[in-house]
Amino acid sequence: MYSLSNCRIIELPKITDPRGNLTFIEGVRHVPFDIKRVYYLYDVPGGAERGGHGHKALHQLIIAMSGSFDVVLDDGREKHRIHLNRSYYGLYVCPMIWRELDNFSSGSVCMVLASNLYDEADYYREYDQFIQAVPMREGA
Ligand code: TYD
């Protein structure tokens with residue numbers, strides 16, 4: 001059963017160099033899934049919010065490639081707000097997590113590595129629908 005405790009910051013390899021640093025990511029080795037798709041958000045206007053959905057089976061790694069933004073993760077029981085502002089940290093988000101992204105700095109770029117191809121059927125677009133799908137947990 002997936003919950004917020006499965007989500008975590010992953011520190012990526014970093015080759016520091018006076019000419020500029022280099023970070024690399026290999027599927028399965030650095031992220032707990034095979035990477036099938038990469039997409040990125042950019043030119044996000046001030047005050048905009050992205051996300052606002054959950055995924056049934058998709059695993060993702062979210063990286064602030066430039067600038068910063070916040071990711072709010074919600075497993076239906078608790079919520080965490082995480083500020084991302086380093087291109088060598090990735091936020092691993094497991095399936096069955098509602099996420100919202102906001103507080104984008106000007107010029108920020110949000111890159112997402114995903115375990116599968118885009119599939120609208122994998123989304124929960126309504127929070128109520130997501131909550132109803134969250135398995136009942138012991139003590140809940
Ligand atoms: P969405 O996942 O809702 O974006 P965000 O979570 O960043 O707010 O996707 C926005 C639109 O882009 C939606 O119409 C679906 C489309 N889309 C694709 O066609 N392919 C993709 O890989 C992604 C992520 C989105």
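Visitor: Okay, strands are DSSP runs of E, at least two residues, numbered from the N terminus. With that settled, in which loop is Pro 95 found?

Guide: Pro 95 is in the loop between strand 9 and strand 10. One thing to keep in mind throughout is that this is a predicted model.

Visitor: Is Pro 95 buried or exposed?

Guide: Pro 95 has a relative accessible area of 1%. Buried means under 20%, so Pro 95 counts as buried.

Visitor: And what does Pro 95 touch, leaving out residues up to four places away in sequence?

Guide: Tyr 2 is one of its contacts, and the others run through His 55, Lys 56, Ala 57, Leu 58 and His 59.

Visitor: How far apart in space are Pro 95 and Asp 128?

Guide: They sit 17 Å apart, C-alpha to C-alpha, with a sequence separation of 33 residues.

Visitor: Let's move on to strand 10. How many of its residues are buried?

Guide: Strand 10 covers residues 98-102, and 4 of its 5 residues are buried.

Visitor: What order do the strands take in the open sheet?

Guide: The order is 8-7-10-5-12, an open sheet of 5 strands with antiparallel pairing. Strand 8 and strand 12 (123-124) are the edges, each pairing on one side only.

Visitor: How many bridges does strand 10 make with strand 7, and how many with strand 5?

Guide: Strand 7 and strand 10 run antiparallel and are joined by 5 bridges. Strand 5 (residues 50-55) pairs with strand 10 over 3 bridges, also in the antiparallel sense.

Visitor: Which residues are bridge partners there?

Guide: On the strand 7 side, Asp 70 has Asp 102 as its partner, and Asp 74 is matched with Trp 98. On the strand 5 side, Gly 51 is opposite Glu 100.

Visitor: Now strand 7 itself. Which way do its residues point?

Guide: Phe 69, Val 71 and Leu 73 point one way, while Asp 70, Val 72 and Asp 74 point the other way. Each of the 6 residues of strand 7 is buried.

Visitor: What about its pairing with strand 8?

Guide: Strand 7 and strand 8 are antiparallel and share 6 bridges, with Val 72 opposite Arg 81. Their hairpin has 4 residues between the strands, and Gly 76 there takes a positive phi near 95°.

Visitor: Which loop holds Ser 68, and why does Ser 68 count as buried?

Guide: Ser 68 lies in the loop between strand 6 and strand 7. Its relative accessibility is 13%, and the cut-off for buried is under 20%, so Ser 68 qualifies. Beyond its sequence neighbours, Ser 68 touches residues including His 83, Leu 84, Asn 103 and Phe 104.

Visitor: And Phe 69, what is in contact with that one?

Guide: Setting aside neighbours within four places in sequence, its contacts include Ile 62, Ile 63, Ile 82, Leu 84, Leu 101, Phe 104 and Val 109.

Visitor: How many residues are in the largest nonpolar core?

Guide: That core has 29 residues, and Leu 61, Ile 62, Phe 69 and Leu 73 have the most contacts inside it. Strands 6, 7, 8, 9 and 11 each supply at least two of its residues. Another core, apart from that one, has 5 residues, among them Met 96, Trp 98, Phe 130 and Val 134. As background, nonpolar side chains tend to be buried together in soluble globular proteins.

Visitor: Last topic, pockets. What volume does the largest pocket have?

Guide: About 240 Å³. It is lined by 14 residues, and Tyr 39, Leu 41, Arg 50, Gly 51 and His 53 are the closest to its centre.

Visitor: Which elements give two or more residues to that lining?

Guide: Strand 4 (37-41), strand 5, strand 6, strand 10 and strand 11 do. By class, the lining comes to 7 nonpolar, 3 polar and 4 charged residues.

Definitions and conventions: Residues are numbered from 1 along each chain as its sequence is written. This is a predicted model: local features need pLDDT of at least 70, side-chain atom pairs count only at pLDDT 80 or more; totals for chains, interfaces and linings use all residues. Side-chain values use heavy atoms; hydrogens and water are left out. A nonpolar core is a set of buried Ala, Val, Leu, Ile, Met, Phe, Trp, Tyr and Cys residues joined through side-chain atoms within 4.5 Å. Buried means under 20% relative accessible area, exposed over 50%, partly exposed in between (1.4 Å probe, protein chains only). Contact means heavy atoms within 4.5 Å. Two strands pair if DSSP finds at least two bridges between them. On a 1 Å grid over the protein atoms alone, a cavity is a set of points where a 1.4 Å probe fits but cannot get out, and a pocket is an open set with protein on both sides within 12 Å along at least five of seven lines; lining residues have an atom within 4 Å of a point. Grid points are joined across faces, edges and corners, and a volume is the space filled by probe spheres set on the points. Ala, Val, Leu, Ile, Met, Phe, Trp, Tyr, Cys and Pro count as nonpolar, Asp, Glu, Lys and Arg as charged, and the others, Gly among them, as polar.
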